[in-house]
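Let's take a walk through this structure together, beginning at the surface and ending inside. Have a look at it first.

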Amino acid sequence: MSDDEAAAVAVQAGGPAGPADADPREAPPAAAAAAQDLQDIAERLMSSGHERAEGDVCSICYLYVGLPVHNHSKLNACCLKRLCNGCILAARQRGMLNRCPFCRTHLPHDDASMLAMIHKRV
């Protein structure tokens, strides 16, 4: 039996004659089930209610700091509060150049004074 005759018999039987006759838009049942499982897992993860850490909030405006936190905020040594770059910029525009926007103490200029401030808070 030649390939053409086998294809004709398969078409008459109701099955596809080969991979060329299969509908490319139709996914196999195993792939469709795997895609549905993956979608269910993603939905559960997104709706599970995870909360961000309390330290991810700016102490002045109480808005969440963008991720990664260390790129979008600064931890001041004087009061150990995390401030977003927006609040730091607003304080500088108001003339508070050498002071902490939260506690208004002078910012340390060298490592020894910064370490002394940290030891005082810890």
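Start on the outside: Leu75, Leu80 and Val122 make a nonpolar surface patch of about 300 Å². Keep in mind as you look that this is a predicted model.

Let's pick one member of that patch. Leu75 sits in strand β1, which covers residues 73-75. Is Leu75 buried, partly exposed or exposed? Its relative accessibility is 47%, so Leu75 counts as partly exposed; that label goes to residues between the buried limit of under 20% and the exposed limit of over 50%.

Now zoom out to the whole fold. How many helices and strands does the protein have? You can count 5 helices and 2 strands. Follow the chain along its sequence and they come in the order α-α-α-β-β-α-α. Of the 122 residues in the protein, 16% are buried.

Time to look inside. Searching the whole structure for cavities of 30 Å³ or more turns up 1, and the largest cavity has a volume of about 70 Å³. Which residues line the largest cavity? They are Lys74, Asn76, Ile88, Ala91, Arg92, Met96, Leu97, Arg99, Cys100, Pro101 and Leu107. Helix α4 (residues 85-93) supplies the largest share of that lining, with 3 residues. Sorted by class, the lining is a mix: 7 residues are nonpolar, 1 is polar and 3 are charged.

So much for the tour: you've gone from a surface patch made by Leu75, Leu80 and Val122 to a cavity with Lys74 and Asn76 among its lining residues.

How values were computed. Residues numbered from 1 in each chain as written. Predicted model: local features only at pLDDT ≥ 70, side-chain atom pairs only at ≥ 80, totals over all residues. Heavy atoms only, no water. 1 Å grid on protein atoms, 1.4 Å probe; cavity = no way out; pocket = protein on both sides within 12 Å on 5 of 7 lines; lining within 4 Å. Points joined across faces, edges and corners; volume = space filled by probe spheres on them. Helix = DSSP H or I, 4+ residues; strand = E, 2+ residues; numbered from the N terminus. Nonpolar A, V, L, I, M, F, W, Y, C, P; charged D, E, K, R; others polar. Patch = residues over 30% accessible without salt bridge, like charges linked within 9 Å, V, L, I, M, F, W, Y side chains within 5 Å. Areas by Shrake-Rupley, 256 points an atom, 1.4 Å probe, with all protein chains shown as cover. Salt bridge = Lys/Arg side-chain N within 4 Å of Asp/Glu carboxyl O. Buried < 20%, exposed > 50% of the residue type's maximum accessible area, 1.4 Å probe, protein only.
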